[in-house]
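Visitor: I'm new to this. Could you walk me through the structure?

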Amino acid sequence: MMCPKCGAPMHTYNRNGVQIEQCANCRGIFLDYGELEALTRMEAQWTQSAPPPPPPAGQAYPSGPAWGAPHHGSHGHYGHHGRHGGFGRMLFSS
Amino acid sequence: MSDQQAADPALPRALARLVGATDGEVLAERADGTVVRVGDRVAKAHDPDAEAGALAVRLGVAAAEPYAGVLLAPLRRGGPVELPGGRSASVWPYGSPVDPDDPGAAPWEAAGSLLARLHAVPLPAPGRLPGPLPPMRGPAKAARAVARMRSAPGGTLAAAARTVERAWASLPAWCRGEEPPPRATTVCHGDFHLGQLVRHPAGTGDWHLIDVDDLGLGDPAWDLARPACWYATGLLASGEWERFLGAYVRTVRAAGFRGGLAQADPWPRLDAPARALTVQSAALGVAKAGAAGRVPDEAEEACVAACARMAAGAGQAELPAHQGP
């Protein structure tokens with residue numbers, strides 16, 4: 001997603017199971033519905049000296065489907081396979 | 001549906017005559033549409049299978065005031081014109097397209113924002129259109145692509161075709177065009193890709209969506225699903241995908257929509273339509289490669305590979321489909 005304040009891309013970080021989007025530019029943070037409550041719950045757990053839950057396996061934004069290509073680099077195929085290949089053509093056809 | 005049948009040489013001349021010329025520049029010549037440019041105007045012959053009444057409603061939407069600045073409006077109002085021989089045609093202003101040799105320069109933000117505006121505008125009142133708005137034709141086109149693959153020579157591509165069939169079988173019935181979508185209350189473009197964007201006025205004007213032939217009521221996720229397919233199959237970089245999706249989400253949220261496609265993770269909504277469009281691209285790729293006696297190109301191969309992964313994971317639970325942007 002893009003930052004609603006400055007328009008730069010936001011990156012998702014997993015903090016103890018809560019997904020936090022942070023803007024790469026202005027460092028602003030976006031919380032989805034329920035995430036603030038989740039953080040508050042965690043804070044309460046912390047003050048009760050309960051150990052925080054272990055962080056789950058990291059998930060980088062943007063997410064994608066399980067059937068997607070295993071690699072999601074910063075460049076699409078049309079970037080490094082030439083502009084006249086099948087990749088470029090497919091972007092322009094039904 | 002390109003390269004399927006021989007072009008009719010009389011058609012470009014008939015289209016040029018429609019805009020007052022004897023000859024024009026052929027911009028597109030496919031079985032399902034021929035477009036001829038004369039100066040700042042273009043004439044389009046629609047799919048011979050297009051139903052004139054439904055096309056009149058779709059042209060009515062493009063001409064309707066709430067869609068100004070979103071959909072390019074036809075120059076001739078009042079529905080399609082019948083060409084000699086019976087094909088329906090329409091006349092449009094010329095707009096300059098995205099450079100096909102430079103997809104990196106594609107206007108991803110404009111694309112996301114235009115689709116969001118299309119989805120967010122309330123439907124024109126019934127009396128403002130010449131009839132009820134038909135369903136968006138995306139799922140029907142996916143089914144047509146699979147049918148085309150089935151009728152193409154298989155040969156060495158039989159294994160690829162079987163993979164595509166397995167992925168197709170794993171899709172929900174509405175994505176195969178066999179049932180109406182769960183709820184279809186949103187105007188959708190139905191066939192979005194980079195060839196559906198033009199600047200009008202040409203060169204410097206704002207981007208507009210063109211080609212309303214598949215437009216209709218449907219699940220708006222379908223319009224995001226082709227870029228989602230490109231991203232999932234590795235054709236599109238994550239940066240471009242984020243620009244497109246980010247602009248869409250910002251625009252629908254600004255219009256007051258929450259949840260669904262406007263939430264932080266749109267994949268629960270996108271998954272089934274993105275699968276369907278991946279199967280469609282794979283099926284067309286296999287059909288075209290089979291007909292031409294060549295091997296599938298890299299992009300077609302990437303779609304078939306995605307179909308194989310879908311078929312392998314088909315035992316997993318399907319994600320529910322919701323409505324609204």
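Guide: Sure! Two residues are in contact if their C-beta atoms, placed from the backbone, lie within 7 Å. This is a predicted model: local features need pLDDT of at least 70, side-chain atom pairs count only at pLDDT 80 or more, and totals for chains, interfaces and linings use all residues. Residues are numbered from 1 along each chain as its sequence is written, while chains are lettered from A and ligands numbered from 1 in the order in which they are written.

Visitor: How many residues does each chain bring to the contact?
Guide: Both chains take part. Chain A gives 34 residues, and from chain B come 42 residues.

Visitor: Which element gives the largest share of the side of chain B that touches chain A?
Guide: Helices here are DSSP runs of H or I, at least four residues, and strands are runs of E, at least two, numbered from the N terminus. Helices H6 (221-232), H7 (238-254), H8 (267-292) and H9 (298-312) of chain B each give two or more residues to that side. The largest share, eight residues, belongs to H7(B).

Visitor: Which element of chain A has the lowest mean pLDDT?
Guide: pLDDT is the predictor's confidence in each residue, from 0 to 100. Chain A has a mean of 68, with 57% of its residues at 70 or more. Strand E3 (residues 29-30) of chain A has the highest mean among its elements, 82, and the lowest, 49, goes to helix H2 (residues 77-80) of chain A.

Visitor: How many contacts beyond four places in sequence does the model have for residues 50-61 of chain A?
Guide: Their pLDDT stays under 50. Where pLDDT is low, the predicted coordinates should not be read in detail. With that in mind, the number is 19.
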